[in-house]
Amino acid sequence: MGIKIGGQIERVNGRELSYSEFAERYLAKNQPVVLKGLMDDWRACKDWVFTNGQPNLHFFSTHFGKSKVQVADCDTREFTDQKRLEMSVLEFVNHWLQSSVESLDGDGNGKSVLYLKDWHFVKEYPDYVAYRTPLFFIDDWLNLYLDNYRMHDDPEAHQENNDICCSDYRFVYMGAKGSWTPLHADVFRSYSWSANVCGKKKWLFLPPPQCHLLFDRNMKSSVYSIFDDISETKFPGFKKAIWLECIQEQNEIIFVPSGWYHQVHNLEDTISINHNWFNGYNLSWVWDLLLRDYKEAKEYIEDIKDICDDFEGLCQCNLAANTGMNFKDFFIFISRFALANVVELCYLLGESKSKSWCSSAMIEQFALNLASIMKIASKMISEGGVQGNLGILDLREALNDPKFLKLCRDLGRIYAVIHEEEKWSSIVKEALMDDFEYGSQVCSPEDLVRFIEYFVSKLSANCTDQNTLLSVFCAADDNHV
Ligand SMILES: O=C(O)CCC(=O)C(=O)O
């Protein structure tokens, strides 16, 4: 029995859409969309594709052939994903070319379909600017953070492996016709965008309110491929699911919202560029996933609780290994972003006093971000699960840390681009230090809430513009995300 398709994904010309329209219609409402017209000047679209639309695989073997990459064997399942192999790009391309010759000869039953996934291309080739991230996707806290910090420092993890896997979430995907990605929702329940440099993909989406239909009775395992013969006894809700379908053509970019399960098939030989990211709009999805995975990790080892010296530590360790971060990592992440937003606000409001320039769009943005972080910190308190101090963010230390100051500057620059603020310049560290009379450490979600409240009310007093900061902050606290 086939699946039920209930609709298609909206298509919009990206050149006729403003950032605020995109944020309102898709980021805030968590809805998918296909965007056209945003890849015209990408180097990848010239170097990686022949004029007939076929991938230029020779270009990859010549220029990037030595790179070591992860390749999925699309015909072999391993637990909840496809079996992964490691090989060089040259080996991958040779396998691809060999398979296509064999299939032309009518002898295509020997080799499995391989799919190069999660290639950290930008990290590996920073000087080869293959593309520019479209404006709609630049408010990306995840990759901005990972450009400056590690998400999780595990002294026991093999360093080199950790470097590759956790360096960023900016990827290249390459696969022959027939390669595919099993049903899943994205890492950290982040947003993703995926741009077809060449080829064609078929996407099938299920909105979050229906995602429980993909699970077994215990909500433990989920369907692997929606085109398998799904057992009704094992997955009793599956046949009730109503899917959205999308055929994504060359030069189109799809926006995948948080928590939407999707399965993807390459209908032609395809190369795509793909980022995962989160920001103030979908941060709560990350916390919800972490809390759920934490409870699951805890339940899983409940029987060794009494013989374990540091049961909570073990749960957090397992959480980091399975989900990619633990409570401490997340807490330090949101605390650094809270501080960075406060720093940028201080700078903005300081500038407004001295130069009679103040951008209310920027004030609003920082206020929205702080409201979103405060909401998550409050959830961490009210939903329990968080025990004791999570980590320490020393505010003065952070302000003396070049990595943190770079994070602040990069964040400010991103919003200056989004809000078209030409007057924005880098922060002046010395001016900020005077404003930091606040106690010096944030160690718990309670501290973080107090810290944000303190600065929002203190900085609101500096804000001449009808107290924009406080009003946006309070309104956002009620409505946002
Ligand atoms: O293109 C694919 O095969 C999978 C991409 C994907 O799942 C995503 O962008 O979230």
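Among the contacts in the chain that link residues at least 6 apart in sequence, 80% join residues at least 24 apart, two residues being in contact if their C-beta atoms, placed from the backbone, lie within 7 Å. The model is a predicted one, in which local features need pLDDT of at least 70 and side-chain atom pairs count only at pLDDT 80 or more, whereas totals for chains, interfaces and linings use all residues. Residues are numbered from 1 along each chain as its sequence is written. The chain holds 16 helices and 16 strands, where helices (H or I, at least four residues) and strands (E, at least two) are DSSP runs numbered from the N terminus. Of the 481 residues in the chain, 40% are buried; a residue is termed buried if 20 or more other C-beta atoms lie within 10 Å of its own, exposed if 12 or fewer do, and partly exposed in between, with C-beta atoms placed from the backbone.

Strand pairing, for which DSSP must find at least two bridges between two strands, is described here for two groups of strands. Strand β2 (residues 11-13) and strand β3 (residues 33-36) run parallel and are joined by three bridges, with asparagine 13 standing opposite lysine 36 in β3. From β2 the chain passes through helix α1 (residues 19-27) to reach β3, and this β-α-β crossover is right-handed, in the sense that, with the strands pointing away from the viewer, the path from the first strand over the helix to the second runs clockwise. Strand β3 also pairs with strand β12 (residues 252-256), in the antiparallel sense and over four bridges, and in β12 the bridge partner of lysine 36 is glutamate 252. Lysine 36 is thus bridged to asparagine 13 and to glutamate 252.

The second group is built around strand β14 (residues 270-277), which is mostly covered, eight of its eight residues being buried. In a regular strand the side chains alternate between the two faces of the sheet. In β14, Thr270, Ser272, Asn274 and Asn276 point one way, Ile271, Ile273, His275 and Trp277 point the other way, and all are buried. Strand β7 (residues 170-175) pairs with β14 in the antiparallel sense over six bridges, and the partner of phenylalanine 171 in β14 is asparagine 274. Strand β9 likewise pairs with β14 in the antiparallel sense, over seven bridges, and asparagine 196 stands opposite serine 272 in β14.

Most residues other than glycine have a negative phi, and most peptide bonds are trans. Aspartate 118, which is not a glycine, has a positive phi of about 55 degrees and lies in strand β6 (residues 114-119); aspartate 118 counts as buried because it has 20 C-beta neighbours inside 10 Å. Arginine 189, also not a glycine, has a positive phi of about 60 degrees and is found in the loop between β8 (180-184) and β9 (191-198), where arginine 189 counts as buried because it has 23 C-beta neighbours inside 10 Å.

The largest nonpolar core, defined as a set of buried Ala, Val, Leu, Ile, Met, Phe, Trp, Tyr and Cys residues joined through C-beta atoms within 7 Å, has 133 residues, and those with the most contacts inside it are Ala338, Ala367, Leu370 and Ile452. Helix α10 (residues 327-355) gives the most to this core, with 17 residues. The core draws at least three residues from each of domain 1 (4-277) and domain 2 (283-479), the domain bounds coming from an automatic or database domain assignment. Helix α11 (residues 360-382) has 23 residues and reaches 32 Å from its first C-alpha to its last, close to the 33 Å expected at 1.5 Å a residue, the expected span being 1.5 Å times one less than the number of residues. Helix α11 is mostly covered, with 17 of its 23 residues buried. When neighbours within four places in sequence are left aside, alanine 367 is in contact with Leu469, Val472, Phe473 and Ala476.

Serine 444, in the loop between β16 (441-442) and α15 (445-460), is buried because 21 other C-beta atoms lie within 10 Å. Apart from neighbours within four places in sequence, serine 444 is in contact with Asn389 and Leu390. Serine 444 and isoleucine 332 are 112 residues apart in sequence and 9.5 Å apart in space, C-alpha to C-alpha.
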